[in-house]
Amino acid sequence: MKNKSLVLFISLLTYASCNSNKEVLTVDINFSNISNGAFSDYYSLEQMIPLETTDSSVFDCDYVDEYIFSDNKIYVGVDESKDIKVFNTQGKYLHAINRSGNGPQEYGPEYRSLCLVDSSLLVRNYNAEMIYYDLKGNFIRKLKQPLSVWSNQVGVLPDGNLIANQELNGLTAYTHDSVLSKTPYYSVQIYSSQGKLLKNLLERPKFSTNLYIAGRGKGGYYDGNKFWLAPYVDNHIYAYQSKDTSLYPLFRIKIAGASFESDLNLLKNPKTARKFVNRIGSYDLVAVTKNYLLVNLIGNEKNRYVGLIEKKTGKTELFNKNNNQDRVNRISMNEIVPSNLYGKIIVQIGYAQLTDKEGKLKESPFIKELSKYIHINEDMNPVLCIYKEK
């Protein structure tokens, strides 16, 4: 399963599912207005963590579910993995937590997602179960969720409740249409920390299909104040409201050149639904910091962009993703990855970002300094670059 985390992308179905007095700001996106600015105009490098590469520690960074920082350690959750890699905050490999197997305290051959709940690791497996372990990997408890086979990831809300999504692949949505016709389909479900279903949110039309696009996402992003998320098949960015366990829309995304009607027609027909993957106007929320939201956007089949949305005004600056650079350190910022470092952005840097087309190291002070500490090669674990707002 590729790029799965609670993937946060939408088409252009317009609706709001909750009542709120909050003003909904319109974010106007026009792909003809591309900025000459860069990521480094707004963010600066705070820390660099090269993750040690050994035979035991190496992992496929393309499928990282989340980097969890806790107890002066970094826990790496990798989709479809048997274990959880553990590093210290300088990047030295410590050990792995492996509870794979079919026993009552195990999560099966591999796990599906990983998050931190208080001081416990919550592992989501392929049997719709949630298993809690302490930070040493000792079993705490296992909860059976009343979720369907369509459920995907679980995230942690500021009030301690859990948020889960319901995910459909484009073709299976039609293959299993009888399932959808019997029960309502919701994109989001709220659970207590004990696994009790509290509320279904954002009911979807039965023809809706959730297809993967470029990028990765998660259940949502907490900035120390609000918990933000952009659900599937929607054109709103929401915030979670603890007092009534609801979502209220804060931003409405309006993209020039995107056609709501043509998207609907594509989705209704299984033969054309796949074309929706690269439709103009698809986007996913990838990071939230104190003053900004970052989204990946698809302009067309070839062009990808990064949008920086100002929280207070909805004003947006667009960067061409290929040119989205930390110009100070001369490195690409394309691989923004999920973490639990509130208000910070983690960029994952690998061999491809450090070398040119001929495989030679690029010229930059950052790479020159990095090469003093690690051997840069194709099999290396990623380097984590932590950024903060200026």
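**What counts as a core, a sheet or a contact**

Colleague: Which residues does L294 touch, leaving out those up to four places away in sequence?

Modeller: In this predicted model, L294 touches F39, Y43, D284, L285, V286, A287, G307, L308, I336 and I345. They count as contacts because each has heavy atoms within 4.5 Å of L294.

Colleague: What makes a group of residues a nonpolar core, and which members of the largest one touch the most others?

Modeller: The members have to be buried residues of kinds such as Leu, Ile or Tyr, joined through side-chain atoms within 4.5 Å. The largest set that passes has 23 residues, and L294, I345 and Y387 touch the most other members. So L294, a Leu, I345, an Ile, and Y387, a Tyr, fit the rule and belong to the core. At least two residues each come from strand 20 (283-288), strand 21 (292-298), strand 27 (345-349), helix 5 (365-370) and strand 28 (383-389). There's also a second, separate core of 22 residues, with A239, L285, V295 and I309 among them.

Colleague: Why would nonpolar side chains gather like that?

Modeller: As a general tendency, nonpolar side chains in soluble globular proteins are buried together.

Colleague: Okay, over to strand 4. How do you know whether residues 64-70 are mostly covered or not?

Modeller: Count them up: 7 of its 7 residues are buried. Buried means under 20% relative accessible area, so every residue of strand 4 falls below that cut-off.

Colleague: What makes strands 4 and 5 a pair?

Modeller: A pair needs at least two bridges, and strand 4 has 6 with strand 5 (residues 73-78), so they qualify. They run antiparallel, and S70 sits opposite K73. The hairpin has 2 residues between the strands, and D71 takes a positive phi near 55° there.

Colleague: What about strands 6 and 7: how many bridges do they have?

Modeller: Strand 6 (residues 84-88) and strand 7 share 4 bridges, so they also clear the two-bridge cut-off. The sense is antiparallel here too, and I84 has I97 as its bridge partner.

Colleague: Which strands make up the open sheet, and why are some of them called edges?

Modeller: There are 4 strands in the order 4-5-6-7, with antiparallel pairing. Strand 4 and strand 7 (93-97) each have a single partner strand, so one side of each lacks a neighbour in the sheet. From one strand to the next, the twist averages 20°.

Colleague: And how much of the whole chain is buried?

Modeller: Of 390 residues, 54% are buried. The chain has 5 helices and 28 strands.

Notes. Residues are numbered from 1 along each chain as its sequence is written. This is a predicted model: local features need pLDDT of at least 70, side-chain atom pairs count only at pLDDT 80 or more; totals for chains, interfaces and linings use all residues. Side-chain values use heavy atoms; hydrogens and water are left out. Buried means under 20% relative accessible area, exposed over 50%, partly exposed in between (1.4 Å probe, protein chains only). Axes are lines fitted to C-alpha atoms, for helices over the stretch in contact, and angles run from 0 to 180 degrees between N-to-C directions.
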